[in-house]
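The report below takes a single loop residue as its starting point and then turns to the strands, the domains and the ligands. Please keep the sequence and the structure in view while reading.

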Amino acid sequence: MIYRKYGNTGEKVSILGFGGMRFENPSDIESSAEILLHALNKGITYFDTAPGYCGDHSEDIFGTAVKEMKKLNKPFYISTKSNKPSGADLRKNLEDSLRRLNVDYIDFYNCWYVLTMEDWEGRKKGGAVAEILKAHEEGLIRYPVFSTHLPGNEIRQVIEEGYFRGVTLGYSVINFPFREEGIQAAADNGMGVVVMNPLGGGTITQNPGTFDFIRVRPEQNSLDGALHFLMNNKNISVILTGFRNKDDVDTAVASINSFEPYTAVEIEKIKRHIEGDFNNLCTTCRYCNNCPVDIPVWKFVESANGLYYKADGSLSDRLKYHWGTELSVLDLCTECRLCEDVCTQHLPILERFEELKAAIAENK
Ligand code: SF4
Ligand code: SF4
């Protein structure tokens, strides 16, 4: 295992983090808890969960595992979250998490899922941020952190307000141009960086042919390509991966252990490829979150990405099971084109809607 500094906190964490959102049998608390113990024995020390994950079983699984993990006398860190804007509601979440997780304090507590700058302002106004800082003073939270889907320049703004010691953000070889500034801002401010969604929502490993160029060495597979690209960024502290079972842990640990740093030329080659050939892909940057009739535009455009590379799964499954929406939502569209005006990829969004409808009608 490789360990990295978590910003300037003085903590060293495993570069591979355990994401507690994908358990195969989450209602089987005991056997799911064994997966965490297995991961700790393989050298993983960063464990991330949240209320609501896996039918709300995840924190209970973690709590069951924590009882045993404490006996092993090995260091480990627990991360959990609250998305409540109100201070009182966040406090309730925190107290529930402490109880369920069987801990006296949370190592990394996330002001969770900051989506827009308005949302961020709401977290401050509602008292959530103040409550996190108060709980830190009380010793219930060791490090106040936040998790976000904001674009890089807005992540920088939140970071520079100075409330937090770390950030969790979605970042992968596909969307790196949009969040890179956020990672740099974290590094400039001595903050830890936890990367979620390192496989681009599964796009990379489900389409190994398309993403073959991210493999720098012949012995690498597409998982290695995706993880090793991120590992080359020294400012990333943790790469969070959702594990279904012990085999998933073993596969990811083997990939991490086979890492050899890339040369600057190799990294540049990958970046140029993404910026060139993948220019027509939606990167889920969510700048198009401005629709007057609340259509989640990115969910449809990202699903339509599959028309531009050889997607393995069907487009309608992507829409339904990954994004939890359906084509009929598009009936609300007034064709105002406000979304196209702000699309960072300059995509013809309305055309993509039509292509998606046609492809789903043909059962693609
Ligand atoms: S064109 Fe349609 S999807 Fe785009 S912003 Fe207007 S109503 Fe929303
Ligand atoms: S459609 Fe454009 S603006 Fe919207 S998420 Fe995709 S790339 Fe970003």
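Thr325 lies in the loop that runs between helix H14 (315-322) and helix H15 (338-342), in a model that is predicted. Is this residue buried or exposed? Thr325 counts as buried, because its relative accessibility is 13% and the cut-off for a buried residue is under 20%. When the neighbours within four places in sequence are left aside, the residues in contact with Thr325 are Lys299, Phe300, Leu319 and Lys320.

The domain assignment of the protein gives two parts, domain 1 (3-268) and domain 2 (297-361). Between the C-alpha centres of domain 1 and domain 2 there is a distance of 28 Å.

The strands come next. Eight of them form a closed barrel in the order E3-E4-E5-E6-E7-E8-E9-E10, with parallel pairing. On average, neighbouring strands of this sheet are turned by 30° against each other, if direction is ignored. In general, the strands of a sheet pair through backbone hydrogen bonds, in either the parallel or the antiparallel sense. Three of the pairings in the barrel are set out here, each with one pair of bridge partners.

| Strands | Bridges | Sense | One pair of partners |
|---|---|---|---|
| E3 (residues 16-19) and E10 (residues 238-242) | four | parallel | Gly17 and Leu240 |
| E6 (residues 106-114) and E7 (residues 141-148) | six | parallel | Phe108 and Tyr143 |
| E7 (residues 141-148) and E8 (residues 166-170) | four | parallel | Thr148 and Leu169 |

Strand E7 thus appears in two rows of the table, being joined to E6 by six bridges and to E8 by four. How many of the residues of strand E7 are buried? Seven of its eight residues are, and the strand is accordingly described as mostly covered.

The model also holds ligands, and the surroundings of two can be described in the same terms. Around ligand 1 there are 13 residues, and the closest of these are Cys291, Cys333, Cys336, Arg337 and Cys339. By class, the shell of ligand 1 divides into ten nonpolar residues, one polar residue and two charged residues. Ligand 2 is likewise surrounded by 13 residues, of which Cys282, Cys285, Arg286, Cys288 and Cys343 come nearest. The shell around ligand 2 is made up of eight nonpolar, four polar and one charged residues. Cysteine is counted here among the nonpolar residues, a convention to bear in mind when reading both shells.

Technical notes
Residues are numbered from 1 along each chain as its sequence is written. Chains are lettered from A and ligands numbered from 1 in the order in which they are written. This is a predicted model: local features need pLDDT of at least 70, side-chain atom pairs count only at pLDDT 80 or more; totals for chains, interfaces and linings use all residues. Side-chain values use heavy atoms; hydrogens and water are left out. A residue is near a molecule or strand if one of its heavy atoms lies within 4 Å of it. Two strands pair if DSSP finds at least two bridges between them. Axes are lines fitted to C-alpha atoms, for helices over the stretch in contact, and angles run from 0 to 180 degrees between N-to-C directions. Domain bounds come from an automatic or database domain assignment. Buried means under 20% relative accessible area, exposed over 50%, partly exposed in between (1.4 Å probe, protein chains only). Contact means heavy atoms within 4.5 Å.
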